[in-house]
Amino acid sequence: MVINSNDPKVTCTLQLKLGKMFPNLVNPSLRHEFYFVHRLDYATSGVICIALNKQSAQAASNAFEKRKVKKYYLALVHGHIHKSHMIISKPIGHDVREMSESRKMCTSDSNFCLKPRDSSTGILVLELGFFNNKPATKVLLYPKTGRRHQLRVHCLCIGHTIIGDYTYSGKQDTEPHRTFLHALRIILFTDVENLDVKTTDPFDTSISQNKWKPSKIVRTLDESTFTDISELVQSDLIN
């Protein structure tokens, strides 16, 4: 869903739902009533951090700015990725052909890329299988940088678009009930409080809507997996 909006016609937003769930936390002096310290794309589900007061909001913003935040995402992508892990270090900028429509992004090797900025994403393959009887791969993604649509663009550039991503599939991926990208875990170190929040896996095979059938387990999702992908990206940046 939309996080918040200045358009009064948009009535389904996280801001409005939070206001109904926690009316005592609404701050009418704020433009959007809550301290939203970061965002998720409309198409992405999962963990989002919201500060309770101005001091916490500033502390969280500083942590994001100084890259003291670790974010991990799960995704199902089209096709089988035959490598166990990958590092994608391609700058990302605005696609000048579609800025007015969807603010679509692209990598710097495109002739239409405007003002690309350094971007780095780690990928660990978890499972190979089939989505709706077509080859697919379940991956853990770790963005070292936080560019707009970074994970979606980096998956596209290696030829493995995220399942359900209408925008980056050339508007062809219309069948799934959602985009299969989920913010699984966030680790936030601040001067006020340290947080480590993780959700359940929304792409579990027990959820029939997903139509996901793994045929090979490459890695199990445990604490060592999170550590390995973090160290993988960090070592690549050092090198």
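Which residues of α1 are buried? They are L14, Q15, L18 and G19. Seen down the axis of α1, these buried residues fall within an arc of 135 degrees, so they line one face of the helix. On the other side of α1, K20 and M21 are exposed. The model described here is a predicted one.

## Helix α1 and the surface patch

Helix α1 covers residues 14–21. Its buried residues pack against two strands, β1 and β3. Strand β3 spans residues 50–51, while β1 spans 35–36.

M21 also belongs to a nonpolar patch on the surface. Its partners in the patch are F22, L25 and L52. Together the four have about 420 Å² of accessible area. L25 sits in the loop that runs between α1 and β1. Is L25 buried, partly exposed or exposed? Its relative accessibility is 39%, so L25 counts as partly exposed.

## H38 in the loop after β1

The loop between β1 and β2 holds H38. Strand β2 covers residues 45–46. H38 has a relative accessible area of 8%, which means that this residue is buried. A polar atom of the H38 side chain lies 2.7 Å from the backbone nitrogen of C49. Leaving aside residues up to four places away in sequence, H38 touches V47, I48, C49, F64 and I186. C49 thus appears both in the polar pairing and in the contact list.

## Salt bridges

How many salt bridges does a search of the whole structure find? It finds eight. Three of them are set out below, including two made by R152.

| Salt bridge | N to O distance | Where the partners sit |
|---|---|---|
| R152 and D41 | 3.3 Å | R152 in helix α3, D41 in the loop between β1 and β2 |
| R152 and D165 | 2.9 Å | R152 in helix α3, D165 in the loop between α3 and β11 |
| R185 and D196 | 2.7 Å | R185 in strand β11, D196 in strand β12 |

Take R152 and D41, whose side chains meet in a salt bridge. This pair links distant parts of the chain, with their positions 111 residues apart. Helix α3, which carries R152, runs over residues 150–157. R152 is buried because its relative accessible area is 7%, under the 20% cut-off. D41 has a relative accessible area of 24% and is partly exposed.

R152 forms another salt bridge, with D165. Here the two residues are 13 apart along the chain. D165 is buried, with a relative accessible area of 0%.

The pair of R185 and D196 also forms a salt bridge. These two residues are eleven apart, and they too link distant parts of the chain. Strand β11 covers 181–189, and β12 covers residues 194–198. R185 is buried at a relative accessible area of 6%. D196 is partly exposed at 46%.

Which residues do shared partners join into one network? D41, R152 and D165 are joined in this way.

## T121 in strand β9

T121 belongs to strand β9, residues 121–131. Its relative accessible area is 1%, so T121 is buried. Which side chains make polar contacts with the side chain of T121? One is Q150, at 2.8 Å. Another is H154, at 2.7 Å.

Both residues also appear among the contacts of T121. Not counting residues up to four places away in sequence, T121 touches M86, I87, I88, Y142, P143, Q150, L151, H154 and V233. L195 lies 74 residues from T121 along the chain, and their C-alpha atoms are separated by 22 Å.

## K138 in strand β10

Strand β10, residues 134–143, contains K138. Is K138 buried or exposed? K138 has 5% relative accessibility, so this lysine counts as buried. The side chains of K138 and D201 are joined by a polar contact of 2.3 Å.

Beyond residues up to four places away in sequence, K138 touches ten listed partners: L74, A75, L76, L124, V125, L126, E127, D201, F203 and W212. D201 is one of these, as well as the partner in the polar contact.

Terms used:
Residues are numbered from 1 along each chain as its sequence is written. This is a predicted model: local features need pLDDT of at least 70, side-chain atom pairs count only at pLDDT 80 or more; totals for chains, interfaces and linings use all residues. Side-chain values use heavy atoms; hydrogens and water are left out. Patches are made of residues with over 30% relative accessible area and no salt bridge: like charges are joined within 9 Å, nonpolar side chains (Val, Leu, Ile, Met, Phe, Trp, Tyr) within 5 Å. Accessible areas come from the Shrake-Rupley method with a 1.4 Å probe; for residues, only the protein chains shown count as cover. Helices (H or I, at least four residues) and strands (E, at least two) are DSSP runs, numbered from the N terminus. Buried means under 20% relative accessible area, exposed over 50%, partly exposed in between (1.4 Å probe, protein chains only). The arc is that of the directions from the helix axis to the C-beta atoms. Contact means heavy atoms within 4.5 Å. A polar contact is a pair of N or O atoms within 3.5 Å; within protein, one must be able to donate a hydrogen and the other to accept it, and residues adjacent in sequence count only if both atoms are side-chain atoms.
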